[in-house]
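What can be learned about the pockets and nonpolar cores of the protein shown here? The questions and answers below take these topics in turn.

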Amino acid sequence: MTMGERKTIDLEQGWEFMQKGITKLKNILEGLPEPQFSSEDYMMLYTTIYNMCTQKPPHDYSQQLYDKYRESFEEYISSMVLPSLREKHDEFMLRELVKRWTNHKVMVRWLSRFFHYLDRYFIARRSLPPLNEVGLTCFRELVYKELNSKVRDAVISLIDQEREGEQIDRALLKNVLDIFVEIGMGQMDYYENDFEAAMLKDTAAYYSRKASNWILEDSCPDYMLKAEECLRREKDRVSHYLHSSSEPKLLEKVQHELLSVYATQLLEKEHSGCHALLRDDKVEDLSRMFRLFSKIPKGLDPVSNIFKQHVTAEGTALVKQAEDAASNKKAEKKDIVGLQEQVFVRKVIELHDKYLAYVNDCFQNHTLFHKALKEAFEVFCNKGVAGSSSAELLATFCDNILKKGGSEKLSDEAIEETLEKVVKLLAYICDKDLFAEFYRKKLARRLLFDKSANDDHERSILTKLKQQCGGQFTSKMEGMVTDLTLARENQTSFEEYLSNNPQASPGIDLTVTVLTTGFWPSYKSFDLNLPAEMVKCVEVFREFYQTKTKHRKLTWIYSLGTCNISGKFEPKTMELIVTTYQASALLLFNSSDKLSYSEIMAELNLSDDDVVRLLHSLSCAKYKILNKEPNTKTISPNDHFEFNAKFSDKMRRIKIPLPPVDEKKKVIEDVDKDRRYAIDASIVRIMKSRKVLGHQQLVMECVEQLGRMFKPDFKAIKKRIEDLITRDYLERDKDNPHLFRYLA
């Protein structure tokens with residue numbers, strides 16, 4: 001026999017040799033005394049298979065060996081594995097299964113090495129399942145299919161024991177569940193269908209039982225603590241032995257049973273639900289509520305609704321409190337009402353601070369809660385208190401902070417912070433234009449009567465308002481602040497002019513504040529008959545101003561002027577600080593001892609209202625500079641007045657106040673007028689771009705355009721449309737009266 005020839009191995013003989021190797025492997029796996037495979041043993045077995053597969057037909061036994069490879073597993077499983085598993089139960093059966101599966105994988109690894117030559121050629125050519133897969137499939141078909149339901153029930157029973165607080169062998173469960181995953185050979189179907197579905201069903205049932213008891217026994221915070229703990233434990237369970245893909249499904253089941261099912265009952269528990277937690281400031285419990293309910297679909301909607309109701313109720317209570325306080329005080333003293341309103345705005349700011357902190361901390365800055373807070377504040381911030389709108393209250397509050405001697409004594413930082421908060425509140429107010437007008441009136445008084453405590457704060461709040469409401473909102477106010485700086489410079493150059501032209505001096509110290517008409521509120525300008533001394537002043541200033549500009553017309557607003565005059569009384573001479581009106585009236589008594597009401601009115605050329613206010617301040621108020629006949633508390637057209645030479649006061653210098661006119665009515669009228677123009681402009685703008693538009697659509701677009709400054713009234717819009725039709729800006733469609741066209 002030459003070297004090239006090889007002795008043919010027949011199937012019986014070759015398989016007998018292989019059988020010995022396989023038996024040795026089984027003995028090793030069963031733990032019988034058997035030496036390990038040496039390299040020679042392994043080579044001999046591999047070579048035998050190689051030779052049997054490479055012999056010329058009909059001695060190529062590849063197909064037969066492929067079948068026998070599978071039969072080896074089937075025989076071993078039937079004779080050894082299944083009997084040992086069938087006699088055990090519960091945890092013992094699980095341990096045996098894990099051991100058998102581990103052994104089976106070892107057996108597959110060794111046998112597929114012995115038969116490796118099949119894998120390389122025969123299987124590849126025939127597109128048959130590879131050896132590894134055949135080995136695992138045998139276990140799946142024979143062991144797994146018979147036992148999976150028993151195994152599943154045993155595992156679920158152990159999980160339930162653990163849920164009840166017993167110690168279980170988590171490593172064992174991990175190993176058993178790995179079988180469900182590995183048996184799928186890359187697919188999760190077996191794990192999901194044969195184990196996970198039943199486990200999830202059991203979980204739902206388990207927590208459903210628990211929740212039905214807890215909801216009756218526990219308070220809302222205790223229930224949430226338990227729910228959070230259950231979710232934490234289930235997550236822990238996944239990390240220790242369940243497959244990671246189960247986590248979202250498992251948590252969803254637990255959340256559904258513990259939270260979704262009982263959400264309404266839980267949130268509305270009488271003494272411990274969401275309302276109670278908000279009422280008692282239970283910040284930690286509210287944070288937990290947010291964490292839990294944010295995980296369930298639409299879970300936060302009811303929480304944010306309750307939050308909105310709670311904040312609305314608290315705010316409305318503040319309004320009522322302020323109303324009651326105001327009506328109680330009205331009987332006693334008017335100016336205290338102002339104080340009550342200050343307190344009200346303070347409390348609203350504190351309320352906003354408190355609940356904004358809740359939104360940011362407990363509710364993790366969630367948009368739903370920002371929206372709830374906004375809607376709640378919009379409800380009660382647009383209610384008035386004691387006849388004053390919230391726009392006016394806010395403007396007054398700012399005035400009190402910004403003027404000298406206001407009731408709020410605050411440090412610079414505190415003022416900045418408070419102004420910041422006021423501007424935030426303004427965002428909730430519908431009538432921003434009303435606020436602007438009130439604010440402008442009060443700003444004018446602060447600037448003109450030198451009442452403003454600090455220019456920086458004045459500019460700072462304007463910057464904040466500009467950011468919040470846009471440049472148009474603050475342009476006039478900014479103009480007013482700038483005007484005053486320019487007026488001071490103007491006064492300095494006037495003083496220089498007088499020192500250079502001594503012959504022009506009017507003989508009285510004169511300060512003139514020149515303002516730009518468009519920026520300031522409109523004031524009544526009467527042609528007051530000035531005393532001769534003052535006429536000279538006006539002439540001198542007019543001449544000076546014409547040296548600076550030829551084209552500007554000066555309108556004198558005497559109602560805003562002040563004057564220091566000397567009163568030569570019998571006890572002593574005193575300095576009186578009065579308004580220009582009061583000074584003009586008093587100077588009449590230099591040339592007459594006694595004057596009647598009608599004479600004074602004719603001399604001054606003022607209206608009835610102004611003369612009554614004026615004379616009341618000089619003869620019926622605290623300082624009686626004039627004596628009145630008859631001596632009553634009110635002024636009537638038949639009264640006569642004379643200079644009170646006996647007047648005296650412990651001060652050398654006194655200020656005689658002139659009661660201010662209540663400007664509220666005028667502000668509201670001015671704002672209404674401006675609104676009419678704004679609505680007109682908006683309608684024309686819309687129609688210019690749309691050309692043709694239905695009534696409903698036009699109204700909606702108009703409301704949307706103007707909504708940032710005020711909420712236009714539908715009736716007002718309708719009225720303005722009619723007005724624009726009569727003024728030929730729009731026309732009605734002939735066939736459809738609800739359709740308008742723009743007339744170019």
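Q: Which residues touch the most other members of the largest nonpolar core?
A: In this predicted model, the largest nonpolar core holds 93 residues. A second, separate core of 67 residues includes L25, Y46, Y69 and F73. Within the largest core, the residues that touch the most other members are L258, F293, F307, F377, F435 and Y439.

Q: With which residues is L258 in contact, leaving aside its neighbours within four places in sequence?
A: L258 is among the residues that touch the most other members of the largest nonpolar core. Once its neighbours within four places in sequence are left aside, L258 is in contact with Y207, A211, W214, Y223, A227 and C230.

Q: Which helix supplies the largest share of the lining of the second largest pocket?
A: The second largest pocket encloses about 850 Å³ of space, and of the 25 residues that line this pocket, the closest to its centre are D433, Q472, F473, A678 and M709. The lining divides into twelve nonpolar, four polar and nine charged residues. At least two lining residues come from each of α19, α20, α21, α26 and α27, and the largest share, seven residues, is supplied by α26.

Q: Is R675 buried or exposed?
A: R675 has its place in helix α26 and, leaving aside its neighbours within four places in sequence, is in contact with D431, D433 and F710. Because its relative accessible area is 16%, and the cut-off is under 20%, R675 counts as buried.

Note on methods:
Residues numbered from 1 in each chain as written. Predicted model: local features only at pLDDT ≥ 70, side-chain atom pairs only at ≥ 80, totals over all residues. Heavy atoms only, no water. 1 Å grid on protein atoms, 1.4 Å probe; cavity = no way out; pocket = protein on both sides within 12 Å on 5 of 7 lines; lining within 4 Å. Points joined across faces, edges and corners; volume = space filled by probe spheres on them. Helix = DSSP H or I, 4+ residues; strand = E, 2+ residues; numbered from the N terminus. Nonpolar A, V, L, I, M, F, W, Y, C, P; charged D, E, K, R; others polar. Core = buried A, V, L, I, M, F, W, Y, C linked by side-chain atoms within 4.5 Å. Buried < 20%, exposed > 50% of the residue type's maximum accessible area, 1.4 Å probe, protein only. Contact = heavy atoms within 4.5 Å.
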